[in-house]
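Please open the model in your viewer and keep the selection panel handy. We will go from one selection to the next.

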Protein chains: 2
Amino acid sequence: MTSPNYQQKSAKDYAYFEVKELIIKGELPPEEAIIEEKLATLLEISRTPLREALQRLEWEGLVSRRKNGRLEVASISTSELRELFKIRSALEGIIVVHATKKATNEDLEKLEDCVQMINLLSGSDRVDDILQYGKAFHNILYEISDLETSVRILRQLNDHIDRYRRLVPFEKTKSQKPIQSDHDLILKIMREKDLDKVASVMEEHIMKSAEIAITAVTKYESGISKRND
Amino acid sequence: MTSPNYQQKSAKDYAYFEVKELIIKGELPPEEAIIEEKLATLLEISRTPLREALQRLEWEGLVSRRKNGRLEVASISTSELRELFKIRSALEGIIVVHATKKATNEDLEKLEDCVQMINLLSGSDRVDDILQYGKAFHNILYEISDLETSVRILRQLNDHIDRYRRLVPFEKTKSQKPIQSDHDLILKIMREKDLDKVASVMEEHIMKSAEIAITAVTKYESGISKRND
DNA sequence: TTAAGTATTATTGTATACAATTATACGTTA
DNA sequence: TAACGTATAATTGTATACAATAATACTTAA
């Protein structure tokens, strides 16, 4: 649910999506203090629904609470990012196994469409589009799998990872090419219904993209660290 | 954090732990309607902090929202339980690998104590005690691993599983004995620092206990189903 | 000038009041 | 009696007021 979901009727949901977007886009940077009154005024709602939205974001880990009870935008770290990818890798493995079991021909067609678009764009400079189709591929798997809890956790993890991606633009180099072509391979294995193999290839696929991300954030951290000394 | 955490200062936290306990213990049964006003009166607090607690429980999946916005205690199902154990298995695998890497001799001693207590009690009828030491074993691993996000998700999963355990008392038969002795084996492999093996043995360990739980809930479901027809 | 202590302000926590919505009860009509 | 519509009540959503707490600014003494 990273993409804006605009059938929000309630002030609470409005605040949730709005603040989340501000954080993921980096407009509220890591460790920025959050003052309820000010944010409420900005969003033109009262503190009550805003607080409820902030609590949810706190639970999701995008907002954190200082010892004194005050809120701030969550900080980022290489070790956290590494952990996020580890969990994601395990869950994507579970998901793809279930998706493989349940996939209809129609489902496989949809995945095929994504793969073809990725292959088509591969080599071009439309890296953001490639990224989008990659995400779409995974989202289709989520839906096929029908694993509610896993998908919920995964979407949350992906929100976090997206924030890292914005704050520290990951390398957009040829090193991503073999990663993108993994989708091709995964779909092939899904068709063969090889459950063990599809899980391990998926897990490796995720950990490969983790490497790029972690490298980028490590550079970033060494660049800006010592700020709080 | 299933065990009551009584340094709650705020009404919100009080409500959170209290309502969670009511749900896990089954005193608020699945699908029971939750009326904010009544619950607030019962807990002798106002609706505002109660609502914040309920939202957190909703996000954790112990409370769910009907299409009309009203809350109820979450329902249970075999398929959900199966998924809970799958995720738990993957995360316990990640955790035990990290714990194995980081464990000090002192840490291993603490684990050894649990294992010895389990072995000592094994064969006796003190099944609840055995269960407690089993939980303690895993909790120690969580702390050693120092993987904040994974542990947070795991504790949440365990709360859910505990609720199932209360609602549908799992079999307390000799079938659990080999599962309990897994702890012994896991500790041995940790000492050998065999990371691949420790992960797979842990995953199997969890999935074995899953079998017992799922069997129990399946019976339970077939017993009470058709209620909503 | 610095340190400690106190007053002031800022911010969060909680309760309550009211508005909006949904469910229920009741009566009317076919 | 069944179906519909309307009035009433129950419940949730939001705003606001006030209380509790933490941060800051200020004053005074050494």
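Select Asn68(B) and DNA strand C: a polar side-chain atom of this residue lies 2.5 Å from a phosphate oxygen of the strand, a polar contact (a pair of N or O atoms within 3.5 Å). Now move to chain A, where a polar side-chain atom of Arg65(A) is 3.5 Å from a phosphate oxygen of DNA strand C. Add Ile34(A), and you will find one of its polar backbone atoms 3.0 Å from a phosphate oxygen of DNA strand C.

A word on the model: it is predicted, with local features needing pLDDT of at least 70 and side-chain atom pairs pLDDT 80 or more, while totals for chains, interfaces and linings use all residues. Residues count from 1 along each chain as written, chains are lettered from A and ligands numbered from 1 in written order, and side-chain values use heavy atoms, without hydrogens and water.

Next, show everything near DNA strand C (a heavy atom within 4 Å). Of the 16 residues around the strand, those that come nearest include Arg51(A), Ala11(B) and Thr48(B). Sugar and phosphate make up 64% of the strand's atoms that come within 4 Å of the protein.

Finally, select helix H6 of chain B, residues 127-145, a DSSP run of H or I with at least four residues, numbered from the N terminus. Which residues of H6(B) are buried (under 20% relative accessible area, 1.4 Å probe, protein chains only)? Among them are Ile130(B), Gly134(B), Phe137(B), His138(B) and Leu141(B). Just after H6(B), stop at Asp146(B), whose phi is positive, near 60 degrees.

Notes. Polar contact = N/O pair within 3.5 Å; in protein donor to acceptor, adjacent residues only side chain to side chain. Helix = DSSP H or I, 4+ residues; strand = E, 2+ residues; numbered from the N terminus. Expected span 1.5 Å × (residues − 1). Buried < 20%, exposed > 50% of the residue type's maximum accessible area, 1.4 Å probe, protein only.
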